[in-house]
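Colleague: Could you walk me through this model and say what stands behind each term you use?

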Amino acid sequence: MNNLSDFQLKSPEAFQEAYRNSIDNSSEFWAEIASTFQWHKPWKEVLKYDWSIPSTEWFVEGKLNITVNCLDRHVNVHPEKEALIWEPNDPNDTVQRYTYKSLLAAVCRFANGLKNQGIKKGDRVCIYMPMIPELTIAVLACARIGAVHSVVFAGFSSTALATRINDAGCALLITADGAFRGDKKISLKAIADEALNECDTVKKCIVFQRTFQSVEWDNRKDIWWHDFIDGLSENCAPTIMDAEDPLFILYTSGSTGKPKGMVHTCGGYMVYTAYTFMNVFQYQPNDIYWCTADIGWITGHSYMVYGPLACGATSVHFEGVPSYPKWNRFWEICEKHKVTQFYTAPTAIRALAKHPTKLIEDYDLSALKVLGSVGEPINDEAWNWYDTHIGKNKVPIVDTWWQTETGGILISSLAGVTDQKPTFATQPLPGIQVALVDEKGRPIFEKEAEGILTINYPWPGIARTIYGDHQRYKEVYFSAFEGRYFPGDGALRDADGNYRITGRVDDVVIVSGHNLGTAPIENAINEHAAVVESAVVGYPHDVKGNALMAYVILYDTVSYTPSLYEEIRKEVAVQIGPIAKPDRILFVSGLPKTRSGKIMRRILRKLAAGEADQLGDISTLLNPEIVEEIIVGLAKE
Ligand code: WTA
C-alpha cells in the first residue's frame with residue numbers, strides 16, 4: 001500500500017504530470033490518494049455527481065472515521081510525536097503539549113462524556129470556545145462519535161450564536177467561562193447564557209474553566225468540563241461513518257440575511273485537506289507548522305485540525321493576538337518553537353508591517369521554510385514586506401485561494417516547487433478545473449484576461465449543501481452559470497495562466513479577513529428605532545483590507561445626535577459581533593436608487609472610496625440630487 005507522502009509533488013514536472021492526470025483520469029487519481037487512508041469499508045464508486053440538482057458524492061458507500069485517520073493511525077506508528085503545541089495568550093503561562101497518544105486519549109474521554117449525555121451520530125453540537133486545546137478536543141470528540149460539530153467563532157454576539165444554534169437545531173453547547181484575548185477578558189459563558197434563552201433545542205451546556213471568572217450557573221443545564229469527563233475511560237470506539245455523512249456545519253456570510261451553514265462530509269473532505277496540506281506547505285515529518293487562524297473559521301478546521309492531523313503533523317495553536325504583550329509575539333513564538341511553516345492572513349501582515357522591524361530582528365527565524373497567506377487578496381506592499389522581513393527573501397510564499405465552501409485550497413503555488421508570483425494565487429491545484437467566464441457565463445479563452453472565476457468539475461472537498469436549505473445552495477453556487485460552481489470572486493489571468501483574485505463580485509465584504517455580508521449588517525442597523533433605511537458598503541482600508549461604511553437614513557421625527565453613531569455601531573455588535581461594526585457612518589436624507597428602486601451600491605462604494613470623480617453616468621438614477629448631498633456630507637466627515 002502507498003503512503004500519502006508518495007503523492008507529494010516535489011518538482012514542477014511532477015506537479016504538471018499530477019495535474020494532467022487529475023483531469024484525464026480524475027477518479028483513478030483521487031482513488032489512489034484516498035487508498036492511503038484507513039477505510040473501514042472501501043468505496044464502490046469514486047465520484048457520482050450531477051450539478052444540475054446539484055449533488056456531489058465522493059467515495060460512494062466507503063466507510064471510515066476521520067479521527068481514526070487523524071489520531072489512531074499515527075498513535076500506532078509514533079504515539080509520542082507531538083500533535084499539538086499550545087501557546088497561551090500570556091507568554092508567562094505554561095505551554096501545553098499533546099502527543100498523538102495523549103490527544104487521542106483526551107478526545108476519547110470527552111467523546112464518552114458526549115455519549116453519556118445521549119449525543120449520537122447525526123446530532124448537532126455547537127462549540128463556542130476560545131482557542132484552547134479543549135476546542136480541538138471537543139471538535140474531534142464529536143467526529144469520533146459521528147456528531148456534527150458546528151463551531152461558532154468566539155467573537156460572535158449572543159444573537160449571532162443563537163441564530164446559528166437554532167438553524168442547526170443543536171442538542172448541546174460547549175463553551176468556556178471566559179476567554180483571554182490580549183489584555184481583554186471576554187465573558188463567553190454570559191454571552192452563551194443569553195443566546196441559550198432563545199434556544200429550545202439545547203439541553204446541556206458544557207463549560208470549560210479557562211479564566212476562573214465568576215459565572216451564572218443553572219444546575220439543570222450547566223456542567224463543568226472537568227466534571228463532565230471525570231472518571232471516564234480514555235478509550236472510545238470510533239463510530240463508523242459513511243463517506244458522505246456530514247462531519248460538520250460551518251456558517252459563512254451570504255449576500256442576503258441569514259448565514260449559510262455549509263455542510264462538509266467525512267470522506268472527501270479528509271482526503272482533500274490532507275492532500276492539499278501536504279503539497280501546498282510541502283510538509284515534512286519533522287516540521288513544526290503554525291497557522292495563526294482561529295478554529296472558528298474554515299482555515300482552522302482544514303489547516304489546523306483535520307489536514308495537519310491527517311498527515312501526522314505537529315501544529316502550533318495560539319490562543320492570543322499578534323500585539324500582546326507586544327507586537328513581537330509572532331516572531332517570539334516562531335523562534336521558540338522553531339516554526340517551519342507559518343500561515344497567516346494579509347490583514348495581520350499589514351498590521352505587523354506598521355511596527356518597527358526591530359521587533360523582528362531580535363528573533364531567529366531561520367527555521368522558516370514556508371510562508372503562507374489566506375483570506376483575502378494580498379497586496380504588493382504586504383507581500384514584499386512579508387518576503388523581505390520575515391522570509392529574508394529566501395522563503396517561498398504560498399498565496400492560497402479558497403473558501404469555507406471549498407473545504408480546502410483550490411489555487412496556490414506549491415511552496416518552493418512551482419513558481420510564485422507576488423499578489424497572484426497562481427495555479428489551480430490538481431483536480432481543480434478553473435474557467436474564467438464573462439458576465440454572461442461565456443468562457444474566456446484568451447490567456448490574459450479578467451473575468452469571473454468558476455470551477456467546472458467537482459473536487460473532494462466541496463461543501464455538499466447548506467444545512468436545511470438545499471435550494472439556496474443551488475441558487476447561490478450553481479445557478480449563476482449553468483453546470484459550474486460560482487464562488488463569488490473575480491480574477492485576472494496572466495499570460496502564464498496564473499490567477500490573481502481581484503475580490504468579491506457580490507455583496508460580501510472581506511474585513512480583516514472575515515467575510516461579512518452587507519445585508520445582515522443593514523438589517524442590524526435598521527433595528528435601531530431611529531433608522532428608516534441603510535446601505536452598507538466596503539471601502540479600501542490600509543490594515544483591514546476593507547472597512548465598512550454605512551449610509552443611514554433617520555426618521556424625520558428624529559434629530560441627529562452624536563450618540564447615534566455609537567448606538568448604531570452597538571446595534572451591529574449586538575446583532576452580529578464587534579467585527580461587523582462600520583468604521584464610518586454618514587447620515588443622509590436618501591440613497592441613490594435606480595428607477596426600479598434598487599440601491600446603487602456601486603455609486604456608494606465609489607463615494608466611500610473617495611472616487612466621486614469616477615461615478616460615470618448618474619442621470620438615470622431616480623434621485624441624482626442625492627449624490628451631491630452625499631458628496632457634501634463626505635467632505636465634512
Ligand atoms: C477571499 C477563507 C484572494 C475570497 C479560506 C474568498 C482570497 C473568500 C484568498 C472566502 C486569497 C480567500 N486571495 N482572496 N488567497 N483567500 N480569499 O470563506 O474572496 O472565510 O471567496 O474562506 O475570501 O473566505 P472564507
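Modeller: Gladly, and I will start with helix 3 (residues 66-77) and helix 10, whose axes come within 8 Å and cross at roughly 55 degrees. This is a predicted model, where local features need pLDDT of at least 70 and side-chain atom pairs count only at pLDDT 80 or more, while totals for chains, interfaces and linings use all residues. Residues are numbered from 1 along each chain as its sequence is written, and side-chain values use heavy atoms, with hydrogens and water left out.

Colleague: What makes helix 3 oblique to helix 10?

Modeller: Angles under 35 degrees count as roughly parallel, over 145 as roughly antiparallel, 65 to 115 as roughly perpendicular and the rest as oblique. The axes of helix 3 and helix 10 cross at roughly 55 degrees, so helix 3 is oblique to helix 10. Axes here are lines fitted to C-alpha atoms, for helices over the stretch in contact, and the angles run from 0 to 180 degrees between N-to-C directions. Helices (H or I, at least four residues) and strands (E, at least two) are DSSP runs, numbered from the N terminus.

Colleague: Which residues of helix 3 and helix 10 meet?

Modeller: Ile66, Asn69, Cys70, Arg73 and His74 in helix 3 meet Tyr306, Leu309 and Ala310 in helix 10, where contact means heavy atoms within 4.5 Å. By class, this contact of helix 3 with helix 10 has five nonpolar, two polar and one charged residues. Ala, Val, Leu, Ile, Met, Phe, Trp, Tyr, Cys and Pro count as nonpolar, Asp, Glu, Lys and Arg as charged, and the others, Gly among them, as polar.

Colleague: Why are helix 9 and helix 10 called roughly perpendicular?

Modeller: The axes of helix 9 (residues 266-280) and helix 10 (residues 298-310) come within 8 Å and cross at roughly 90 degrees. Helix 9 and helix 10 are therefore roughly perpendicular to each other. The residues of their contact divide into seven nonpolar, five polar and no charged.

Colleague: And what makes helix 18 roughly parallel to helix 19?

Modeller: Their axes, for helix 18 (residues 601-608) and helix 19 (residues 625-635), come within 11 Å and cross at roughly 25 degrees. That makes helix 18 roughly parallel to helix 19. Ile603, Leu604 and Leu607 in helix 18 meet Val627, Ile630, Ile631 and Leu634 in helix 19, and by class this contact has seven nonpolar, no polar and no charged residues.

Colleague: How do you know that Thr404 has a polar contact with the ligand?

Modeller: A polar contact is a pair of N or O atoms within 3.5 Å; within protein, one must be able to donate a hydrogen and the other to accept it, and residues adjacent in sequence count only if both atoms are side-chain atoms. A polar side-chain atom of Thr404 lies 2.6 Å from an oxygen atom of the ligand. For the side chain of Arg504, an N or O atom is 2.8 Å from a ligand oxygen, and for that of Gln403 the value is 2.9 Å.

Colleague: What is notable about the backbone at Pro54, Pro325 and Glu61?

Modeller: Most residues other than glycine have a negative phi, and most peptide bonds are trans. The peptide bond from Ile53 to Pro54 is cis, with omega near -10 degrees, and Pro54 sits in the loop between strand 1 (45-50) and strand 2 (55-60). The bond from Tyr324 to Pro325 is cis too, with omega near -10 degrees. Glu61 has a positive phi of about 70 degrees although it is not a glycine, and Glu61 is found in the loop between strand 2 and strand 3 (63-64).
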